[in-house]
Amino acid sequence: MKLILKYLLKYKKLLVLNVISVFGFALVELGLPTIIANMIDIGVATEDKGYLYMMWGVAIAISIAGVLGTILLGYCCAKISTSITRDIRNDIFTKVQDFSPSEFNKFGISSLITRTNNDAFQIQLFVNVILRTALLTPVMIAVSFFMTLKTSLDLSLVIVATLPLIIIGVIIVAKVSEPMSQKQQSSLDHLNRISRENLTGIKVIRAFNNDHYEQARFNDTNSEFTGHTKRIFKLMNSADPIFFLVMNIAILFIFYIAATMIGAGTLQVGKLVAFQDYLFHAMFSMLLFCSVFVMYPRAAVSAKRIQEVLNSDIIIQDHQKVTKQPISKEHTLSFDNVTFVYPDGEEAVLKDVSFSAKQGETIAFIGSTGSGKSTLINLIPRFYDVSCGKITVDGINIQDYSMKELRDKIGFIPQKAMLFTGTIADNIRYGKEDATDEEVAHAARIAQGYDFIMEKPLGFHEVITESATNVSGGQRQRLSIARAIIKKPQIYIFDDSFSALDFKTDASLRKALKDETKESIVLVVAQRISTIMDADQIIVLHEGQVVGKGKHHDLLKTCPIYHEIAASQLSEEELAYE
Ligand SMILES: Nc1ncnc2c1ncn2[C@@H]1O[C@H](COP(=O)(O)OP(=O)(O)OP(=O)(O)O)[C@@H](O)[C@H]1O
């Protein structure tokens, strides 16, 4: 509720308007029965036509005011509830932007999507209902009960007797529905996860002929979700008729007592008509009020799930936002005794890693799979923070830069090339928003992408489809390399980014990059010896430790692991020649 209140208070003016329209609406709805009662008991009884016409005019004016109030109420409810949902979505999105991979792992991508869309929508429905009814119904209930008491104390006692039954019913429904809603939302997360895996992994599923297995998995989860939803609907749908039953029994009692009272001459017909109207408003408002309480547990579960995201601690933070003057004039990068344990891991994945690089140098990392190469380079843009030791850029600890400053210095080309929907030019410009067409073309040329781009019917204006299915793996890699080149970063990080390129393109790309990256530090993770043999320094990793450091020729002689890798890729002659 705190979350909803926090967002509601952002729209104070609309809330005031909402309250005014609620009170206006209540006044109109409850004023009419009194006017009609007076018309019957005074106007009709005394046959006073003038009085009747006057009251008729008042009744019409009040009804028009009621319509205007209802329209205004609808406008305020719609505007506030949709604005709140927009704000919640924006805030979740902004928060998630700062998440490190650990936080993404904690929630899961599918759950984050469900929380942003479905949970926010549940809040929208609830806010719409509370604005419409939670304010209106207590007013209607209070005033109509007051009016019924005023009209007939005896008849009102029947209503008072039914109240505890309704309140107990609402509490039971709320208690039972909360865990149900929790399960429903978790199973929706699960359903989204499976849909996502199915849609993104469709080729693998088909290649392994696992369509039936996936279909069964989806059906099971879908049935589980439907089951939870059905149970909630059943509960909600059976609550209303039971409430109606209780109320109808109360009304029968009221009419029974009223008939006796009219017979005894202690109640006028006009008063009974007004009482009946007030009773209808009181009972109907009571029902609406109950529906707010019945909806509340669902909204509370959604609000809690949203709050979890918004309150989640961000592990990687800007420690210092003040720009420090770099200590060295020449660009440098150094790892000093860096040890790293993943937040959810137990053992160190990197152990006491030290090396340094300076402007113009190319540093390559090689080692068996799982030796920690990607982990090492992921520490530089601070996707994770080191557990021990420090990393410095230009002599300054990377944790002392603002995140923006640090990441502005880096051109990161990930292992799995990621392109966004938009044109090829848009994707390259992702590295430099205001890049000219010449700069885009230059970056594409260096990345060896120009020719294949020009072969596309629309060239640089060719639209990349979702998941970049209209470009090959190697083309995707070249576009993501161009995106980094256009940025002219101080540090290039190639995480196995040449793996999908053929040997010729790989060689041409490295040659073109040499000139382009003269002023930068280039870090290359690679599996191929041919990609890294010209590097100024090759760092050999094994189980998170640096087991060799030097140039290709030296490592062949001094580092058995490097020799083993080289021997598996180069011919006897090549090795002997080296
Ligand atoms: N998010 C994570 N949480 C926990 N452990 C992880 C995580 N990511 C990687 N690891 C573990 O860290 C170790 C190093 O992984 P890393 O991806 O850095 O290796 P790599 O040398 O780049 O491997 P490859 O050449 O196969 O890409 C592996 O044992 C891996 O299982």
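Colleague: Over residues 333-568, how much of the chain is helix and how much is strand?

Modeller: In this predicted model, residues 333-568 are 34% helix and 27% strand, and the C-alpha atoms at the two ends of that stretch are 31 Å apart. The UniProt record, an unreviewed entry, places the feature "domain: ABC transporter" at residues 333-568.

Colleague: What does the domain assignment of the chain give?

Modeller: A domain may be written as one range or as joined ranges, and here the assignment gives domain 1 (2-311), domain 2 (326-409 + 490-578) and domain 3 (418-488). The C-alpha centres of domain 1 and domain 2 lie 59 Å apart, and the contact between them takes 4 residues from domain 1 and 4 residues from domain 2. On the side of domain 1 that touches domain 2, the classes are 1 nonpolar, 3 polar and no charged residues.

Colleague: Is the chain as a whole spread out or compact?

Modeller: One compares the radius of gyration with what the globule rule gives, and for this chain, with its 21 helices and 12 strands, the radius is 36 Å, well over the 25 Å for 578 residues, so the chain is more spread out than a compact globule. Along its principal axes, the C-alpha trace spans about 120 × 50 × 45 Å.

Colleague: Which residues are closest to the ligand, and how many surround it?

Modeller: The ligand is surrounded by 13 residues, of which Y342, T369, K373, S374 and T375 are the closest. Helix α11 (residues 373-378) supplies the largest share of this shell, 3 residues, while by class the shell has 3 nonpolar, 8 polar and 2 charged residues.

Definitions and conventions
Residues are numbered from 1 along each chain as its sequence is written. This is a predicted model: local features need pLDDT of at least 70, side-chain atom pairs count only at pLDDT 80 or more; totals for chains, interfaces and linings use all residues. A residue is near a molecule or strand if its C-beta atom, placed from the backbone, lies within 6 Å of it. Helices (H or I, at least four residues) and strands (E, at least two) are DSSP runs, numbered from the N terminus. Ala, Val, Leu, Ile, Met, Phe, Trp, Tyr, Cys and Pro count as nonpolar, Asp, Glu, Lys and Arg as charged, and the others, Gly among them, as polar. Domain bounds come from an automatic or database domain assignment. Two residues are in contact if their C-beta atoms, placed from the backbone, lie within 7 Å. UniProt positions are given in the numbering used here, feature names are shortened, and annotations may be inferred rather than shown by experiment. The radius of gyration is taken over C-alpha atoms; the globule rule is 2.2 Å times the number of residues to the power 0.38.
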